[in-house]
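Reader: Before I load this one up, can you walk me through the rings, cores and odd backbone spots?

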Amino acid sequence: MPYNRDTLAAQADKLSGIEEETDLYEGFSPHVDTSEIKSLDFYTQKPSTGKEPALRSFTEIQQLLQQGKKRDVKSILRENSWPINSPIRAQLWPALCAQHQTKQNMLDGFYWDMVHQVFGTTELSDKPIMLPAFVDPAHCLTYHLTRTGRSVADRIVNVLGYDCPDITYSPVLYPITSILLHFMSEEEAYHCLAALVGSKEKVFIKQTKLQHEVTWKTVMQIAKKHSKNAVTYFQRICPGVKLERVFMDWCWWILAGLPFQHLVRIMDCYFHEGIKVLYRVALVIINLFHKECQSNNEWSPDNIKNDIGNALIKFCKKIPVSPTKLLHAAFSIRGLSSTYISRIFMKTEMILKSRSVLNNGSKQLVKSRSSDNLPSSQSQVNIQMMSHTLTIRERLYTETCRNLLFTLWSWLPVRITMYQPVLLYTTEEHGCSLTTFYVRVEQHEPTLMMIKTCNNEVFGAYCSTRWFERNVKDDKGQRQAYFGTGETFLFSLYPERAKYPWVGIENEKDLGHASELFMAADSKMITIGGGEGQAIWMDENIRFGKTDSCKTFNNPPLCPSGDFEIRVLEVYGFDGV
């Protein structure tokens, strides 16, 4: 039954104590221990004056979602402080998560089929279930779940681990499972999690140790700019404690520290906007803590300097602002755009990744310390069997080809290295036609383009966005000239070996339009990189091209002559992305 304003009015009556106390908990699922919920103290809420704007209903939000009006939904979620026990979340949260769904096999009964496949039965066992390796046993937060609810959470993460074997480390996944189970059924909670994990447009849950580390270091870098006074204060009073030790636990300030009322309101926004909501809340927590440290003896330097991390968690439990004020402060932070956050994240990822490889000389083989960053043996075989470009049989030995493959793989974004490369297009098999190129390639994202010239130079580009974007029109009905993101990069493999990332990763300042000319294409040509030159340009017959330095990547020409004749062009996609 849709949630409407009449229902909301009845709920408001319950909050004011007009209804029986047991009805206070109808917004929660059967998995919740309502005796613990009493500590949330519904009765402290201010009585309605009748002048407040009515809270929006699920039906209204659902209509906006169906119309694709995501900005309107975002505003509503930020501004509407539904009571913690509001029945709206039983419908709202699944609908918000469903918009991020990418898998097509989530049919009715899919979850229970998976449960039966994993456990041999759909009956819930009384015995403890061994949790997947990606779960952090120290942070299996269950909040107000009953014992049965906790067993259900265990089962959900096990099934998710079975269905998503690429998840290797995700400590926040269990707490989010528990939060979902407070307001919905087991099956709905699983589908919500699967959507969040599989989301490609927005980031919700990090799934590897590297991503987890990049995330907290990203928060630390953002805090140095947006919470500069607080960070400087912490460094001054705790000179013997590295700043990293404080920010490693940033997500637990929110998930383990904040009162449940605050956490639920944060999740209202998080399930729509993604992890950037948590970034903003973390900055507010830091700033509030800094303010309290200067005015409240409980948080004086002498009391917190020996364990500032634990002090932050304790502070969050007693946070002196309401959920509404916390979110208002979080969304009032200026200059914290998704583009800016992505830039910091990519830059941090590149730094960590570069530290994980050994560089034995400027043009020597780059070897990974971990097999996590190398293509699987099957991927190596697939690429070497398919690729005419990497092999360069007349000039290079097999071992050199293998080294080139490892080098190229080490340059890819970490999340992409988990997937199998697939040859989408090659001029030797599919002919030299830009039309054929688009037919076979344009819907794939990302793609890896490699060119071998008639002089045996080998170079190319990692293209972060679909080539189909060349057809997308702006608000004025005009096709955009350039598209793509800062994850795009150029590379040269032979005879020079070098990677040329986007210049914006190394510089947080606005470098102007010329620094963001990533990809362009039409029926006559393809271009990668722009601004006082084009890094790679190819004609419609995929026969001739030219390369020059450009502002987007700050690269030299990728071959000495500048002009080149294409011997082989190959484009790879990644199966499962």
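Author: Sure, and keep in mind that this is a predicted model. Let's begin with a backbone oddity: N456 is found in the loop between β4 and β5 (458-463).

Reader: What is the phi of N456, and is the residue buried or exposed?

Author: N456 counts as buried, because its relative accessibility of 7% falls under the 20% cut-off. Its phi is positive in a residue other than glycine, with a value near 70 degrees.

Reader: Which other non-glycine residue has a positive phi, and where does that residue lie?

Author: Look in the loop between α6 (110-119) and α7 (147-163). Phi there is about 55 degrees, in a residue that is not a glycine: Y143.

Reader: Which peptide bonds into P446 and P495 are cis, and what are the omegas?

Author: P446 lies in the loop between α23 (434-441) and β4 (447-453), and the bond leading into P446 comes from E445, with omega near -5 degrees. P495 is in the loop between β6 (489-494) and β7 (498-501). The cis bond there runs from Y494 to P495, with omega near 0 degrees.

Reader: On to the rings: how are F28 and F183 arranged, and how many residues apart in sequence are the parts they tie together?

Author: The model has 24 aromatic pairs. F28 and F183 form one of them, with centres 5.4 Å apart and planes at 35 degrees, which is a tilted pair. F28 sits in the loop between α1 (5-15) and α2 (34-37) and F183 in the loop between α8 (173-181) and α9 (186-198), so the parts tied together are apart in sequence by 155 residues.

Reader: Which cluster do ring pairs link F28 and F183 into?

Author: F28 is buried at 8% relative accessible area, and F183 is buried at 2%. Ring pairs link both of them into a cluster made up of F28, W93, F183, F204, Y270 and F271.

Reader: Which charged residues sit over the rings of Y438 and F489?

Author: For F489, the charged end over the ring is 4.5 Å from its centre and belongs to K499. For Y438, the residue over the face is at 3.5 Å from the ring centre, and that one is R470.

Reader: How many residues are in the largest nonpolar core, and which helix gives the most to it?

Author: W93, F247, W250 and W253 touch the most other members of this core, which has 116 residues. W250, for instance, touches residues including W216, I275 and L278. With 12 residues, the helix that gives the most to the core is α15.

Technical notes
Residues are numbered from 1 along each chain as its sequence is written. This is a predicted model: local features need pLDDT of at least 70, side-chain atom pairs count only at pLDDT 80 or more; totals for chains, interfaces and linings use all residues. Side-chain values use heavy atoms; hydrogens and water are left out. Rings of Phe, Tyr and Trp (its six-membered ring) pair if their centres lie within 6.5 Å; planes under 30 degrees apart count as stacked, over 60 as edge-to-face and the rest as tilted. Helices (H or I, at least four residues) and strands (E, at least two) are DSSP runs, numbered from the N terminus. Buried means under 20% relative accessible area, exposed over 50%, partly exposed in between (1.4 Å probe, protein chains only). A charge sits over a ring if NZ of Lys or CZ of Arg is within 6 Å of the ring centre and within 35 degrees of the ring normal. A nonpolar core is a set of buried Ala, Val, Leu, Ile, Met, Phe, Trp, Tyr and Cys residues joined through side-chain atoms within 4.5 Å. Contact means heavy atoms within 4.5 Å. Lists of a residue's contacts leave out its neighbours within four places in sequence.
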